[in-house]
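Reader: I would like to learn how to read strands, helices and charged pairs in a model like this. Could you walk me through it?

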Amino acid sequence: MKIGLFIPCYIDAFYPNAGIATLELLEKLGQDVEYPLDQTCCGQPMANSGCNSDAAAAEALFVRNFAKYDAIVMPSGSCTHHVRDNFDAIPQTPEVLHVRKNTFELVEFLHDILKVEEFPWAEFPHKVGLHNSCGTLRSLRSASMSELGEPFFSKPMDLLSKVKGISFATPQRPDECCGFGGTFSVTEEAVSSRMGLDKVRDHHQAGAEYIVSADTSCMMHQQGCAERAGVPIRFIHIAEILNGAQS
């Protein structure tokens with residue numbers, strides 16, 4: 001399988017280790033991965049802000065970069081959700097439809113497509129709290145939703161459970177939004193900040209040393225809230241743990 005790797009803007013700018021870990025992990029699993037060098041934003045920020053037509057150029061460039069690949073993989077649930085479900089600022093050509101159909105968030109690609117059963121190189125001797133972003137949870141269905149009362153399942157937890165030494169903290173409100181919400185954290189700063197602080201305190205009180213997530217955007221928001229409030233908790237992208245990081 002020929003994979004095109006997309007690294008979201010905020011990971012490229014602020015958390016490059018998560019992008020590097022994604023590439024290394026896919027290569028360890030025997031995948032043929034390419035990183036198109038002229039990739040930029042997928043257009044999600046414009047579309048989420050109601051400026052859908054302004055996302056057209058970014059979406060068109062994304063298609064030009066990735067239409068030739070069997071699968072497009074990215075360490076971001078929100079970007080995956082945009083490409084798959086909201087990529088409609090441009091004409092829906094066969095190339096666009098191919099890209100939309102074959103774009104995957106990293107966890108679902110490992111869990112559903114590659115069906116990875118072991119990470120023999122990975123060991124993480126820490127207690128972690130798992131954060132599923134709202135888009136990943138409710139749009140990509142990476143885990144069960146507590147508000148539906150459905151049987152429990154969690155794709156990221158399934159993968160993390162294969163890592164030696166890891167243990168899990170269970171917050172009281174595991175599905176609660178952290179308050180990031182993209183531009184919501186700008187337009188509703190006070191509400192967003194309080195939601196983020198509530199989230200990190202919930203994980204900390206449950207005994208988590210780390211908050212781990214497939215969405216660095218949510219973690220970036222929570223990390224800022226934790227640092228400002230002095231909550232002693234660390235943050236790490238799931239790709240880094242699965243790739244073998246120990247701290």
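**Sheets and salt bridges, step by step**

Author: Let's start with one pair of strands: strand 5 (residues 127–131) and strand 7 (residues 210–213) run parallel and are joined by four bridges. Within that pair, Leu130 has Val212 of strand 7 as its bridge partner. Strands pair if DSSP finds at least two bridges between them, and strands (E, at least two residues) and helices (H or I, at least four residues) are DSSP runs numbered from the N terminus.

Reader: Before we go on, what kind of model is this, and how are the values obtained?

Author: This is a predicted model, in which local features need pLDDT of at least 70 and side-chain atom pairs count only at pLDDT 80 or more, while totals for chains, interfaces and linings use all residues. Residues are numbered from 1 along each chain as its sequence is written, and side-chain values use heavy atoms, with hydrogens and water left out.

Reader: Thanks! What is the strand order in the open sheet that holds strand 5 and strand 7?

Author: The general idea is that strands of a sheet pair through backbone hydrogen bonds, either parallel or antiparallel. Here, four strands form an open sheet in the order 6-5-7-8, with parallel pairing. Strand 6 (167–169) and strand 8 (234–237) are the edge strands, each pairing on one side only. On average, neighbouring strands of this sheet are turned by 40 degrees against each other, direction ignored. For such angles, axes are lines fitted to C-alpha atoms, for helices over the stretch in contact, and angles run from 0 to 180 degrees between N-to-C directions.

Reader: Which strands does helix 11 lie across?

Author: Helix 11 (residues 189–205) lies across strand 5, strand 7 and strand 8, and runs at about 145 degrees to strand 5. Contact here means heavy atoms within 4.5 Å.

Reader: And which strands stand at the edges of the sheet with the order 2-1-3-4?

Author: That is an open sheet of four strands, again with parallel pairing. Its edges are strand 2 (32–34) and strand 4 (103–105); each has a single partner strand, so one side of each is left without a neighbour in the sheet. The twist from one strand to the next averages 35 degrees. Inside this sheet, strand 1 (residues 2–5) pairs with strand 3 (residues 71–74) in the parallel sense over three bridges, and Gly4 stands opposite Ile72 in strand 3. Helix 5 lies across strand 3 and strand 4, at about 155 degrees to strand 4.

Reader: Now the charges: how many salt bridges does the structure hold?

Author: Side chains of opposite charge can pair when their charged atoms come close. A salt bridge is counted when a side-chain nitrogen of Lys or Arg is within 4 Å of a carboxyl oxygen of Asp or Glu. The structure holds nine salt bridges. In one of them, Arg84 pairs with Glu108, with the closest N and O atoms 2.3 Å apart. This pair links distant parts of the chain, 24 residues apart: Arg84 is in helix 5 (residues 77–85) and Glu108 in helix 7 (residues 106–113).

Reader: Is Glu108 buried or exposed?

Author: Buried means under 20% relative accessible area, exposed over 50%, and partly exposed in between (1.4 Å probe, protein chains only). Glu108 counts as buried at 7%, while Arg84 is partly exposed at 23%.

Reader: Which residue meets Asp112 in a salt bridge?

Author: Lys155 does, at 2.7 Å, N to O. Asp112 in helix 7 and Lys155 in helix 9 (residues 155–160) are 43 residues apart, so to speak a link between distant parts of the chain.
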